[in-house]
Amino acid sequence: MLVDVLFLCVYYFRFLEATTPMTTLPPTTPPPLNSFYTRYAASQHRQDKKLDVKPIAVVKDVSKVQCLGLCLQRQTGGKSKICRSFNYFSRICYMLNTYVCDGERDLTEAPGWSYYDLVDDFSKEAKFMVSKQCASKGKCSTKCLKFKLYKTPLSWQEAHAACREEQAYLAMPKNSHDHETLIMLMKKGNILQSWIGVRKRDGIFYYDSGGLLLANNTMWGPDQPNDSGGTQQCVQMMSEMDYLWNDFDCARPVGFVCQYVW
Ligand SMILES: [Ca+2]
């Protein structure tokens, strides 16, 4: 596995080098390459796009690889000084303290520019680089989550299939922040019930992506899951229970929320 990751990184950086003009004497020395190959990679999220925020530092006359090295040198220090991504244009490196997945940011059109950010698992990155979401939005990092509400009532299985069509899962809120986001979406969409990506198999609840439901999940409604009538295998959020979780009959059509993993 590690070998695969290293191979991908080396391959990718060779590609980067090949597309970057050679330079003489860099202005500062980037860290030794092998010190970050296993920890980070720069993903070329988009060509001809940039993240339009004020840079924390600007360095002129550097290659993309040197820009990455400079960004990686800023991995310690105060939070506002850490480099999380960079724009690159005309051999100028614009280091940024934020990245495309931070909040609701989108890349803006910028001919000749390119945008890169830092990820910690290149093998996952490579997988998501080919996703539709990555191609259309430039959001390819596995850290980038987003939810989308569908008002069309479907069964749990149909809702699951609809999300998979878009390379997403049914929403799997694992903390109060995600939970609040889903509540906000449901209120905004004016729907009273929504499937989420939790389902029971052989008496055990799993997330739509396959993992076991967290043991410390505190989002169940009062007296739930109660498997009323012995037919409640799927989980929904419902306004009647203050948007907490309720196990419910999978065949009943209700709205749903997909979760995109970029
Ligand atoms: Ca129930």
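This passage walks through the predicted model, from its overall make-up to its cores, helices, hairpins and a few unusual backbone spots.

The protein contains 6 helices and 12 strands. Of its 262 residues, 34% are buried. Contacts in this fold often reach a long way along the chain: among those between residues at least 6 apart in sequence, 73% join residues at least 24 apart. One example of distant parts of the chain meeting in space involves Y260 and A171, which are 89 residues apart in sequence, while their C-alpha atoms are 8.2 Å apart.

It helps to look next at how nonpolar residues gather. In soluble globular proteins, nonpolar side chains tend to be buried together. The largest nonpolar core here has 28 residues, and the members that touch the most others are L170, A171, W195, I196, V257 and C258. Several elements give two or more residues to this core, namely the helices α5 (156–165) and α6 (176–189) together with the strands β7 (168–170), β8, β10 (232–238), β11 (244–249) and β12 (254–261). The top contributor is β12, which supplies 5 residues. A second core, separate from this one, has 21 residues, including L51, L96, V100 and L107.

Two residues near the end of the numbering deserve a closer look. Leaving aside residues up to four places away in sequence, C258 touches F147, K148, Y150, C163, E166, A168, Y169, L170 and A171. Y260 lies in strand β12. This tyrosine has 21 other C-beta atoms within 10 Å, and because 20 or more are needed for a residue to count as buried, Y260 is buried.

Two helices show different aspects of burial. In helix α2 (residues 64–73), 7 of the 10 residues are buried, so the helix is largely enclosed by the rest of the structure. Those buried residues are K64, Q66, C67, L68, G69, L70 and C71. Helix α5 has W156, A159, H160 and C163 as its buried residues. Viewed down the helix axis, these fall within an arc of 100 degrees, so they line one face of α5. A161 and E165, on the other side of α5, are exposed. Just after this helix comes Q167, with a positive phi of about 55 degrees.

The strands offer two hairpins to trace. In one hairpin, β8 (residues 193–201) and β9 (residues 204–207) run antiparallel and are joined by 4 bridges. One of these links R201 to its partner I204 in β9. There are 2 residues between the strands of this hairpin, where D202 takes a positive phi near 50 degrees. I204 is exposed, since 9 other C-beta atoms lie within 10 Å and a residue with 12 or fewer counts as exposed. Although I204 and Q233 are 29 residues apart along the chain, their C-alpha atoms are separated by 9.4 Å.

The other hairpin pairs β10 with β11, again in an antiparallel arrangement, through 6 bridges. Here Q232 has D249 of β11 as its bridge partner. This hairpin has 5 residues between its strands, and D242 adopts a positive phi near 60 degrees.

Some features of the backbone sit in loops. S90 is found in the loop between β3 (85–89) and β4 (92–96). Its phi is near 50 degrees, a positive value in a residue other than glycine. With 8 other C-beta atoms within 10 Å, S90 is exposed. The loop between β9 and β10 holds D223, another residue other than glycine with a positive phi, near 65 degrees. D223 counts as exposed, having 9 C-beta neighbours inside 10 Å. That loop between β9 and β10 is also the place of P225. A cis peptide bond joins Q224 and P225, with omega about -5 degrees.

Conventions: Residues numbered from 1 in each chain as written. Predicted model: local features only at pLDDT ≥ 70, side-chain atom pairs only at ≥ 80, totals over all residues. Pairing = 2+ DSSP bridges. Contact = placed C-beta atoms within 7 Å. Core = buried A, V, L, I, M, F, W, Y, C linked by C-beta atoms within 7 Å. Arc of directions from axis to C-beta.
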